[in-house]
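Reader: Hello! I am new to this structure and would love a close look at one part of it. Could you take me through the salt bridges, and then show me what lies around the helices they join?

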Amino acid sequence: MKFSPYCASVPAKAAVLALLTLVFWATALIPEHLTALLFFLLAMVFSLAGPEVIFAGFGSAAIWLIFGGLVVGIAISSTGLGARIGRYAAVWLHGSYLKIISGLVAAGLLFSFLMPSAMGRVVLLTPIALSVADHFGFKEGAKGRTGVLLAIILGTYIPAFGILPANVPNMVLVGMAETQYHLSILYGTYLFLHFPLLSLVKAVLIIALLLFFFPDQPKELSEAEEQVTAKFSRNELILSLVLAGMLGFWITDFLHHVSPAWIALGGALILLMPGVDIVGKKAFNQKINWGAIIFVAGILGVGGMINHTGLGRHIADGIRGLLPLGEQQDFMNYMSISVASALTGMLTTLPAVPAVLTPLAESLAQATGLPIQTLLMMQVVGFSTIMLPYQAPPIVVGMQLSGEKLVSAAKVCLALALITVFFLLPLNFFWWKLLDWL
């Protein structure tokens, strides 16, 4: 009997397509946006879900946040404001490559407390990091340029998993814990449990890995370069006001509850408006990176397909069946669930991890004898362990905005994940023991 792909079950076909797509993204055999287009085509041809699921990414807030960020990035570069900020930052960071990388990672971590949207932070800080790289003489293709950009992109995203409102997966977990188990996760409790190791220690490790993988030496700054005396131009003043307004709205989103995406879109519209013309028609048509938008829409489409077809539930059930769980074996339970959470993130992308694993917390509690809240917090240990960049849309967006290759971020992510599994996870276990969470 001849095999027809239409005979396979929908979850099986979804699994094959998801695996194919993730392999192409992980290996970069073809450009990322072409892989996304291939996913769209095959998902529709084999009717794995309706257009409202497969193409949902194009209607998501994330896409419009990226669009706004691309417009702002063009404006920061074309007005000279980025170069000005780069000069100020260069004076502050001047001294050594270690100081540059450490200062940028620290700045990214600080912004994680101020600005709740990881995508917004990446969109705002990446163009500034490009100017810093230029100011220190790190040209395109230089290791130092890659190091500077990854310091901001990874530094403002990965350590932020220890800060409750700073990343999307954190907030998905909070929402699902509240709706399914009526458990409220408090800011201070979350910070004290996760920040010391998942944020501070990981920030230090990111610095060390960037220095190891991308060693370089900055050029010496002349006295003229250290002085910033030129007056602001009209366009710089307008852009500064727009950026200040966007940042103010982003920081106070707990008051007005307007999505960071619509704030970014509003800022972009002002810059595009006739009469303002900071980003003109020619720049808009030629400099917007539409490939980045298609790529992220593809990532979101894969996640939607996995949830819609039930593949996520099959993955979760399969993982649960493989875990060596039992009562009175806290370390084995902790490591098993944390690693399972990390592996789930490779198959479903990070924001989907809490959606897949949170419903299992009650059955896992029965198998391990641990409180449900402890099991929920183990997800954070797992989904903060990023193996490859495609799992995390903010990293993907940052790499697209910077023009750097995803393989550069993959080196650091994979190395950090291995260090986390073999060093940080056991250390974190004893920290939880000390806090009486295990």
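Author: Happy to! Let us start with Arg145, which counts as buried because its relative accessibility is 11%, under the 20% cut-off for that word. Please keep in mind that this is a predicted model.

The side chain of Arg145 meets that of Asp134 in a salt bridge, with 2.7 Å from N to O. Side chains of opposite charge can pair when their charged atoms come close. Arg145 belongs to helix α8 (residues 143-155) and Asp134 to helix α7, so the pair ties together parts that are 11 residues apart in sequence. Asp134 has a relative accessibility of 42%, so this partner counts as partly exposed. The pair therefore brings together a buried Arg145 and a partly exposed Asp134.

The count of salt bridges comes to two. In the other one, the side chains of Lys433 and Asp330 meet at 3.3 Å, N to O. Here the link is between distant parts of the chain: Lys433 sits in helix α23 and Asp330 in helix α18 (residues 330-348), 103 residues apart. Lys433 counts as partly exposed because its relative accessibility is 36%.

Now for the surroundings of these helices. Helix α7, the home of Asp134, also takes part in lining the second largest pocket, where α4 (61-79), α5 (81-93), α7 (118-135) and α22 (393-402) are the elements that give two or more residues. This pocket holds about 460 Å³ of space. Its lining has 22 residues, and the closest to the centre are Gly73, Ile74, Ser77, Pro127 and Leu130. With seven residues, α4 gives the largest share of the lining. Sorted by kind, the lining of the second largest pocket has eight nonpolar, 11 polar and three charged residues.

Helix α23, where Lys433 is found, leads us to a cavity. There are two cavities of 30 Å³ or more, and the second largest has a volume of about 30 Å³. Helix α23 (residues 406-434) supplies four residues, the largest share of the lining of this second largest cavity. Among the lining residues are Cys413, Leu416, Ala417 and Thr420, along with others such as Ile158, Lys202 and Ser384. By kind, the lining of the second largest cavity divides into five nonpolar residues, three polar and one charged.

Since you are new here, one stop on the surface may be welcome too. Leu110, Phe113, Leu114 and Tyr187 form a nonpolar patch there, and together they have about 380 Å² of accessible area. Helix α6 (residues 97-114) contributes three residues, the largest share of the patch. One member, Phe113, is in helix α6, and its relative accessible area of 39% makes this residue partly exposed.

Another phenylalanine to find is Phe284, in helix α15 (residues 281-287). Phe284 counts as partly exposed, because its relative accessibility is 22%. In sequence Phe284 is 219 residues apart from Leu65, while in space the two are 16 Å apart, C-alpha to C-alpha.

To return to your request: one salt bridge joins Arg145 and Asp134, and the other joins Lys433 and Asp330. Following their helices, you can go from α7 to the second largest pocket and from α23 to the second largest cavity.

Technical notes: Residues are numbered from 1 along each chain as its sequence is written. This is a predicted model: local features need pLDDT of at least 70, side-chain atom pairs count only at pLDDT 80 or more; totals for chains, interfaces and linings use all residues. Side-chain values use heavy atoms; hydrogens and water are left out. Patches are made of residues with over 30% relative accessible area and no salt bridge: like charges are joined within 9 Å, nonpolar side chains (Val, Leu, Ile, Met, Phe, Trp, Tyr) within 5 Å. Accessible areas come from the Shrake-Rupley method with a 1.4 Å probe; for residues, only the protein chains shown count as cover. A salt bridge is a side-chain nitrogen of Lys or Arg within 4 Å of a carboxyl oxygen of Asp or Glu. Buried means under 20% relative accessible area, exposed over 50%, partly exposed in between (1.4 Å probe, protein chains only). On a 1 Å grid over the protein atoms alone, a cavity is a set of points where a 1.4 Å probe fits but cannot get out, and a pocket is an open set with protein on both sides within 12 Å along at least five of seven lines; lining residues have an atom within 4 Å of a point. Grid points are joined across faces, edges and corners, and a volume is the space filled by probe spheres set on the points. Ala, Val, Leu, Ile, Met, Phe, Trp, Tyr, Cys and Pro count as nonpolar, Asp, Glu, Lys and Arg as charged, and the others, Gly among them, as polar.
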